[in-house]
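Trainee: I should like to work through this structure with you, one question at a time. Shall we begin?

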Amino acid sequence: MSTGIVTTDLRKTFPARRWQGWRRRHVAPVAAVDGLSLRVPPGQVTGLLGLNGAGKTTTIRILSTLLRPTGGTVTVDGLDVVDHAREVRRRINVISGGERMVYDRLTARENLWYFGQLYDVPRARLRTRVGELLDLVGLTEAAQLPVERYSRGMRQRLVIARGLINDPAYLLLDEPTLGLDAPIAHQLRALIAQLAADGVGVLLTSHYLAEVEQLCRHVYLIARGSLVAQGSPAQLAGQTVRRHTVRLVLSVADPAVTAALRALAARHDAELIVDVDDGGRPRFALRHPEDLVGVVVTAVVQRGATIVGLTVTPPTLEDAILTLTDPAVMAR
Amino acid sequence: MGATFVRNWRITLRAYPWTYFVGTLATGVLTIGVSLLAYRAIGGGRVGASFTAATGSADYLGYVTVGAAALTFVTRMVLWVAKAQITEYREGTLESQLLTPARRLPYLVGVTAQALSTTAVEVTVLVAVASALGVRLSVPDPLVLLAAMVAATVAVVGMSVPLSALMLAAGEAHITQNTLFTAMALLCGFTFPTSYLPAAARWLGEALPVTWALRVLRAATLPGADVDPWPAFAVCLVLGGAYLLVGLSILPPAERRALHRSARA
């Protein structure tokens with residue numbers, strides 16, 4: 001029996017209908033997931049990245065048994081998610097950012113108590129588990145308030161606690177830090193890392209790429225429902241054309257320096273952006289596959305200008321996503 | 001089941017003001033009040049021979065009061081049970097429900113148990129109001145009354161589950177529920193005997209378990225109506241059970257359809 005969540009050639013299409021005159025007619029179905037194969041092993045955080053509409057949320061809904069795949073298979077510890085949905089639900093849970101998922105009229109404690117019962121958590125265990133989770137997400141003091149009086153961040157923290165109520169073996173996180181204050185998001189990231197260290201298999205989608213780079217050992221990058229790349233965050237960043245960005249700020253504007261940098265950019269076929277910073281000082285950003293900081297600084301210093309700010313940004317995961325999911329690149 | 005029962009009571013106590021309770025009684029009180037006025041002011045306190053022939057009783061006010069109480073019971077129960085899942089869907093909690101390994105039937109039984117406890121209070125108050133208006137009900141046969149209550153519950157739950165699936169599949173509740181309420185009010189014999197209906201409408205009414213539950217209730221509460229309640233009780237259980245089975249079988253695809261709709265949104 002293979003452990004972990006395993007998808008093989010996973011497909012999901014949605015029927016589509018369009019208005020044609022007075023009637024709605026069926027048109028070609030829309031493929032949300034198209035031949036996706038991935039694995040979420042226990043004890044590590046796996047990333048699932050892609051632009052909006054890439055199929056991340058649909059994939060998570062299939063893995064969590066909410067949607068049935070149109071084709072392919074999904075197993076959780078060897079159990080098929082369609083044939084053994086109830087058993088799979090005992091082993092997994094989902095935390096979604098921006099979704100309701102809890103009852104507004106109930107308090108946090110009542111919500112957790114209710115969901116604990118739906119997951120058949122034994123009463124004695126549930127009593128301690130509810131207290132632990134309220135502590136964990138910092139809602140102990142607000143535990144007796146109806147959720148309708150919570151802020152968005154407090155509500156999201158309760159959604160996180162709900163997702164942990166059954167001690168899931170696998171946790172599917174769909175933008176879990178959406179709407180959270182920085183300290184709470186930081187705390188959640190630490191919690192995710194700890195859960196993985198304790199053996200929980202985590203699948204994470206997030207728009208905060210620093211979060212993915214920090215937490216994920218392995219990342220799947222998808223576009224239009226298909227896998228376009230996979231590897232560690234560093235490997236993914238390295239798969240793309242490197243784009244180093246050199247940013248520099250000068251003390252005063254100098255047309256000679258500007259002309260020199262424009263000529264340099266043209267010579268290297270680099271992208272140059274010229275503007276001013278908040279203090280009105282000239283600012284340059286030069287993007288190129290190679291690190292051009294040496295030639296840029298030489299050109300500026302040779303013309304007697306004073307550099308007051310200089311940064312070099314290496315290629316990032318964001319660059320990789322933008323490049324690898326570019327339709328032109330995908331077509332090649 | 002117990003968890004859902006407690007959850008629903010908590011939500012009800014926090015969500016609904018007492019004025020809502022008054023509003024739920026208004027239709028029943030109005031039905032009884034208008035019938036009372038018509039009976040006294042227009043009918044001169046007498047009913048026609050056709051009514052007596054159709055019902056086996058001349059107690060029109062008792063007939064209407066029991067019918068109004070039954071209509072209140074049925075509509076309130078349908079609103080609770082049939083709308084339970086579409087309410088979850090609209091409030092964004094259907095997904096978190098369906099993520100759990102909990103089965104649907106215990107959930108629906110929990111919703112039904114809470115609805116029964118609430119609706120029983122509403123019907124009791126309605127009957128008390130009718131009594132204050134001067135309606136005198138005969139003392140029912142307790143065994144037949146109990147059978148009538150069981151039949152009414154089975155009938156309502158049986159009809160509510162497929163209705164719940166329809167609401168989820170269609171993504172709307174008002175048209176579906178109001179169509180059913182209108183059909184029931186016309187076809188089931190709440191305020192007039194079904195024998196007054198055209199034959200086709202009468203057959204439609206016979207297909208609804210509520211019609212049979214109402215016959216058991218009439219047998220328990222209508223003086224002089226020498227009707228054997230048990231055949232109607234048996235038909236009600238069979239029909240209600242059949243509706244329930246159909247409902248439970250179409251509920252999962254309806255849930256998936258609702259999830260599809262939200263996934264595409």
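Trainee: What share of the area that chain B exposes do carbon and sulfur atoms supply?

Mentor: Bear in mind that this is a predicted model. Chain B exposes about 11600 Å². Of that area, the part supplied by carbon and sulfur atoms is 72%.

Trainee: Which elements make up chain B, and how many are there?

Mentor: Reading from the N terminus, the elements run α-α-α-α-α-α-α-α-α-α-α-α. Strands number zero in chain B, and the helices number 12.

Trainee: Why is chain B described as being as compact as a globular protein of that length?

Mentor: For 265 residues the globule rule gives 18 Å. The radius of gyration of chain B is close to that value, so the chain is as compact as a globular protein of that length; the radius is 19 Å.

Trainee: What percentage of the residues in chain B is buried?

Mentor: Buried here means under 20% relative accessible area. Among the 265 residues of chain B, the buried ones make up 50%.

Trainee: How far does helix 8 of chain B reach from its first C-alpha to its last?

Mentor: Helix 8 covers residues 142-170, which is 29 residues. At 1.5 Å a residue, 42 Å is expected. The span in the model is close to this, at 41 Å.

Trainee: Which residue caps the N-terminal end of helix 8 of chain B?

Mentor: A side-chain oxygen lies 3.0 Å from the backbone nitrogen of Leu143(B). That oxygen belongs to the capping residue, Asp141(B).

Trainee: Which residue just after helix 8 of chain B takes a positive phi?

Mentor: The phi concerned is about 75 degrees. The residue that takes it, just after helix 8, is Gly171(B).

How values were computed:
Residues numbered from 1 in each chain as written. Chains lettered and ligands numbered in written order. Predicted model: local features only at pLDDT ≥ 70, side-chain atom pairs only at ≥ 80, totals over all residues. Heavy atoms only, no water. Helix = DSSP H or I, 4+ residues; strand = E, 2+ residues; numbered from the N terminus. Expected span 1.5 Å × (residues − 1). Polar contact = N/O pair within 3.5 Å; in protein donor to acceptor, adjacent residues only side chain to side chain. Rg over C-alpha atoms; globule rule 2.2 N^0.38 Å. Buried < 20%, exposed > 50% of the residue type's maximum accessible area, 1.4 Å probe, protein only. Areas by Shrake-Rupley, 256 points an atom, 1.4 Å probe, with all protein chains shown as cover.
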